Amino acid sequence: GALLLEAFPFAELTMGNSEDDWFPMKQDPSRRRYLQVFCRADFDENFFLGIDDSSGQILGEKLDSIEGQMGEQLESLEDQIDRLGRRMDEMSEQISTQIKLLAQRLGSG
């Protein structure tokens, strides 16, 4: 995304000339084109985007906090699902027992 943001000011240089168009849409797709990208070794994306390091650190801490909260909530949900599963098993056994007793009463009556 940042590459296109940097390249956007040069889009007007093509001015309808399909030979210079980096991403031609109305040209023969069989013709190969190459977009060469050169990056500086000291390129700093945060500097380019106007983000200082402290805001990145704060963002990282917030994400870690959210991740911890989500993990706790997930564990809580898993526990609730386990309890629900055990309760359903108990109810199923009780229903089976009741059906067997009812069948015995009907069979002997």
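Arg 87 and Glu 90 pair up in a salt bridge, with their closest N and O atoms 3.4 Å apart. The model here is a predicted one, and a search through the whole structure turns up just 1 salt bridge. Side chains of opposite charge can pair when their charged atoms come close. As for where the two partners sit, both belong to helix H3, which covers residues 53-108, and because they are 3 residues apart there, about one helical turn separates them. Arg 87 has a relative accessibility of 41%, so this residue counts as partly exposed. Glu 90 is partly exposed too, at 42% relative accessible area.

Stepping back to the fold, the chain has 3 helices and 0 strands. Read from the N terminus, the order of elements is simply α-α-α. Little of the chain is tucked away: 2% of its 109 residues count as buried. The accessible surface of the chain adds up to about 10500 Å², and carbon and sulfur atoms account for 57% of that area.

Part of the surface is worth a look for its nonpolar side chains. Phe 43, Phe 48, Leu 49 and Ile 51 come together there as a nonpolar patch, sharing about 340 Å² of accessible area. One of these residues, Ile 51, lies in the loop that links helix H2 (45-49) to H3. With a relative accessibility of 35%, Ile 51 falls in the partly exposed class, and because patch members need over 30% relative accessible area, Ile 51 qualifies on that count.

How values were computed: Residues are numbered from 1 along each chain as its sequence is written. This is a predicted model: local features need pLDDT of at least 70, side-chain atom pairs count only at pLDDT 80 or more; totals for chains, interfaces and linings use all residues. Side-chain values use heavy atoms; hydrogens and water are left out. A salt bridge is a side-chain nitrogen of Lys or Arg within 4 Å of a carboxyl oxygen of Asp or Glu. Helices (H or I, at least four residues) and strands (E, at least two) are DSSP runs, numbered from the N terminus. Buried means under 20% relative accessible area, exposed over 50%, partly exposed in between (1.4 Å probe, protein chains only). Accessible areas come from the Shrake-Rupley method with a 1.4 Å probe; for residues, only the protein chains shown count as cover. Patches are made of residues with over 30% relative accessible area and no salt bridge: like charges are joined within 9 Å, nonpolar side chains (Val, Leu, Ile, Met, Phe, Trp, Tyr) within 5 Å.
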